[in-house]
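Got your viewer open and a selection box ready? Here is a walk through one model, stop by stop, with something to click on at each.

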Amino acid sequence: MSKEAQQEQQVRDFFDKHAPAYKTKYGRTDTFYEYFFYERLHAATKEINFAKKRVLDIGAGTGSLYDFLQMNADVQEYTAVDISAGMMSQSNIPRQQQLVGRCYELDYPCDEYDLIYLLGVTTYFDPKECKRVFDFIQSKLSTGGMAILTFTNTAGLDIKLRKLSSYPAKLLKGSEKVMAQDFKTYTYTLKEVLQMLPEGLEKRRLIYLNHTIFPFGKILPGPSVAVAKRIAKRLSNGPLLSSLSSDFLIFLSKVN
Ligand SMILES: C[S@@+](CC[C@H](N)C(=O)[O-])C[C@H]1O[C@@H](n2cnc3c(N)ncnc32)[C@H](O)[C@@H]1O
């Protein structure tokens with residue numbers, strides 16, 4: 001088995017294994033995860049007009065975007081893609097709207113989509129895979145359409161501290177956390193992402209996400225989240241906010 005196939009299998013096995021408990025574990029009952037996941041979903045949807053749009057959700061997982069759209073939008077089409085059938089089986093997404101596999105190897109009900117989402121997924125993509133997925137997005141997005149993607153931020157202090165702590169976690173084994181798994185996870189700088197973009201995809205907007213710092217987000221979630229929200233209000237996008245953010249969200253539009 002190639003290294004790439006092995007990585008994909010390990011990621012799929014990880015999510016299949018954790019799928020039954022995923023929604024409960026990362027739901028609204030945990031202060032930190034509520035902040036992390038719902039800030040991301042809010043930022044990724046708040047200024048988007050969904051009316052009559054065709055939406056493709058790559059790495060749909062347990063369907064948080066689908067649930068949001070059901071409650072708040074009137075889309076024309078929604079298609080979910082994930083390598084983990086187990087994750088999508090825990091979602092409310094109708095079976096016929098679920099596709100299992102790599103996004104660039106599947107047959108779709110629509111020739112093109114107006115909105116393509118990739119939330120919390122690039123962490124499992126090496127740069128080669130990122131490039132393949134970007135090329136796919138460029139080919140599948142309608143002209144004037146928007147792709148909305150998140151990346152784990154290499155420049156973030158939170159990520160630097162998580163990386164340091166993942167080595168003892170790996171030595172101790174038994175951890176259920178993504179960073180302690182045998183498969184690799186990837187972080188990116190904004191510059192690296194922009195350099196990988198194919199012609200025709202242009203950055204429109206950037207939002208830095210999650211301003212808690214590891215491990216305080218988990219051990220002191222209430223105060224950490226309160227400080228994080230204050231940081232988001234006070235700092236504008238720039239190097240300081242970047243260094244205080246674990247992720248960034250980028251809006252790309254297709255210009256031709
Ligand atoms: C952290 S979850 C995010 C789920 C969802 N997008 C959300 O925001 O709640 C990551 C998801 O990406 C999926 N995934 C990982 N690698 C993938 C790939 N190469 N293609 C499609 N999905 C992938 C995983 O199976 C998992 O369901």
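## Stop one: a buried glutamine

Select Q138 to begin: its relative accessibility is 19%, so this residue counts as buried. Keep in mind as you look around that the model is predicted. Q138 sits in helix α5. Now show what surrounds Q138: leaving out residues up to four places away in sequence, Q138 touches P198, E199, G200, L201, K254 and N256.

## Stop two: along helix α5

Stay on this helix and colour residues 127–140, the extent of helix α5. Which residue forms a salt bridge with K131? Pick D135: the closest N and O atoms of the two are 3.4 Å apart. K131 and D135 are both in helix α5, four residues apart, which is about one turn of the helix. How covered are they? K131 has 33% relative accessibility, so it counts as partly exposed. D135 is partly exposed too, with a relative accessible area of 35%.

Before leaving, select E8, R12, R102 and E105 together: salt bridges with shared partners join these four into one network.

## Stop three: helix α1 and its charged pairs

Zoom in on part of that network. E8 and R12 form a salt bridge, with 3.3 Å between the closest N and O atoms. The two residues are four apart in helix α1, so about one helical turn separates them. Are both ends of this pair covered alike? E8 counts as buried because its relative accessibility is 19%, and the cut-off for buried is under 20%. R12, at 26% relative accessibility, counts as partly exposed.

Next, select K23 and D67. Their side chains meet in a salt bridge, at 3.9 Å from N to O. D67 belongs to helix α3 (residues 64–72) and K23 to helix α1, so this pair ties together parts that are 44 residues apart in sequence. D67 counts as partly exposed at 23% relative accessibility, and K23 counts as partly exposed at 35%.

If you want to go hunting for the rest, how many salt bridges does the structure hold? The count is eleven. As background, side chains of opposite charge can pair when their charged atoms come close.

## Stop four: the ligand

Now select the ligand and show its surroundings. There are 17 residues around the ligand, and the closest are R40, G59, S64, D82 and L119. Which helix gives the most to this shell? Helix α1, residues 3–25, does, with three residues. Colour the shell by residue type and you get ten nonpolar, five polar and two charged residues.

Then draw some distances:

- From R40, a polar side-chain atom lies 3.0 Å from an oxygen atom of the ligand.
- From I83, a backbone N or O atom lies 3.5 Å from a nitrogen atom of the ligand.
- From L119, a backbone N or O atom lies 2.8 Å from a nitrogen atom of the ligand.

Switch on a surface here if you like. On its own, the ligand exposes 600 Å², and the protein buries 93% of that.

## Stop five: a glutamine in a strand

Jump to Q98, in strand β3 (residues 98–100). Is Q98 buried or exposed? At 14% relative accessibility, Q98 counts as buried. Show the neighbours: setting aside those within four places in sequence, Q98 is in contact with A80, M88, S91 and I93. For M88, draw the distance from its backbone oxygen to a polar atom of the Q98 side chain, and you should read 3.4 Å.

## Last stop: L194

Finish on helix α7, residues 190–196, where you will find L194. L194 is partly exposed, with a relative accessible area of 35%. Which residues is L194 in contact with, leaving aside neighbours within four places in sequence? Select K203 and I250 to see them. For a closing distance, click the C-alpha atoms of L194 and I250: the two residues are 56 apart along the chain, and those atoms are separated by 9.9 Å.

Methods:
Residues are numbered from 1 along each chain as its sequence is written. This is a predicted model: local features need pLDDT of at least 70, side-chain atom pairs count only at pLDDT 80 or more; totals for chains, interfaces and linings use all residues. Side-chain values use heavy atoms; hydrogens and water are left out. A residue is near a molecule or strand if one of its heavy atoms lies within 4 Å of it. A polar contact is a pair of N or O atoms within 3.5 Å; within protein, one must be able to donate a hydrogen and the other to accept it, and residues adjacent in sequence count only if both atoms are side-chain atoms. Accessible areas come from the Shrake-Rupley method with a 1.4 Å probe; for residues, only the protein chains shown count as cover. Ala, Val, Leu, Ile, Met, Phe, Trp, Tyr, Cys and Pro count as nonpolar, Asp, Glu, Lys and Arg as charged, and the others, Gly among them, as polar. Buried means under 20% relative accessible area, exposed over 50%, partly exposed in between (1.4 Å probe, protein chains only). Contact means heavy atoms within 4.5 Å.
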